[in-house]
Amino acid sequence: MPPSSFLHFSHSLVKLGGVPQAPRLWGKHHFLSPQKSGPLFLTAKKKSSKDLPPLNEADLEEQFVRGSGPGGQATNKTSNCVVLKHLPSGIVVKCHQTRSLDQNRERAREILQEKVDVFYKGENSEVIKEKKELEKKKQLKRQQARENLERKRHLKELQALEDK
């Protein structure tokens with residue numbers, strides 16, 4: 001089974017190197033995964049970098065490429081798209097969220113930091129733990145909404161029986 005079938009992404013355009021059936025999602029990041037067996041959960045979202053491991057600048061390879069997408073000439077002629085590669089793990093992040101090179105560099109580093117954390121820690125990663133916690137809260141909220149709707153239906157049925 002290809003590694004792309006185990007991936008779950010929450011905020012990024014994602015590409016896996018060497019896997020043609022990789023999912024494409026919204027956003028402007030790219031992720032190239034090293035070939036690794038077993039389930040691998042990755043997420044890229046805005047998060048404080050307090051608990052994430054720091055990135056060593058010597059381990060990063062940075063390139064600036066031309067942007068693409070909507071925006072016309074202003075976007076397509078400037079090289080403000082940042083491509084960061086983490087050399088030890090082989091993770092590549094491409095960020096072109098804004099027209100500002102500095103903001104794109106900062107955002108690319110934040111995203112790469114999260115992906116490196118997930119790569120090395122796996123299920124014990126802070127990003128994965130936070131994702132699971134948010135999913136539990138979401139499920140609880142859905143369950144409460146279903147119960148509330150069921151109570152309302154039951155109340156309407158009782159009122160309909162009383163009126164007869």
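Partly exposed means a relative accessible area between the 20% under which a residue is buried and the 50% over which a residue is exposed. Keep that handy; the model here is a predicted one.

**Exercise 1.** Sort Phe 119 and Tyr 120 by burial, then work out what kind of aromatic pair they form.

*Solution.*
- Start with Phe 119: its relative accessibility is 18%, so it lands in the buried class.
- Tyr 120 comes in at 48%, so this residue is partly exposed.
- Now the geometry. A ring pair is described by the distance of the centres and the angle of the planes.
- The structure has one aromatic pair. Phe 119 and Tyr 120 make it up, with 5.1 Å centre to centre and 80° between the planes.
- Planes over 60 degrees apart count as edge-to-face, so the 80° of Phe 119 and Tyr 120 makes the pair edge-to-face.

**Exercise 2.** Find out how many disulfides the structure holds, and check Cys 81 and Cys 95.

*Solution.*
- A search of the whole structure turns up zero disulfides.
- For Cys 81, the nearest cysteine sulfur belongs to Cys 95, 7.3 Å away.
- A disulfide needs the sulfur atoms within 2.5 Å, so Cys 81 is in none.
- Looking from Cys 95, the nearest cysteine sulfur is that of Cys 81, and Cys 95 is in no disulfide either.
- As for burial, Cys 81 has 2% relative accessibility and counts as buried; Cys 95, at 0%, is buried too.

**Exercise 3.** Sketch the overall layout of the protein.

*Solution.*
- Count the elements: three helices and four strands.
- Put them in order from the N terminus: β-β-α-β-β-α-α.
- Finish with burial: 32% of the 164 residues count as buried.

Methods. Residues are numbered from 1 along each chain as its sequence is written. This is a predicted model: local features need pLDDT of at least 70, side-chain atom pairs count only at pLDDT 80 or more; totals for chains, interfaces and linings use all residues. Side-chain values use heavy atoms; hydrogens and water are left out. Rings of Phe, Tyr and Trp (its six-membered ring) pair if their centres lie within 6.5 Å; planes under 30 degrees apart count as stacked, over 60 as edge-to-face and the rest as tilted. Buried means under 20% relative accessible area, exposed over 50%, partly exposed in between (1.4 Å probe, protein chains only). Helices (H or I, at least four residues) and strands (E, at least two) are DSSP runs, numbered from the N terminus.
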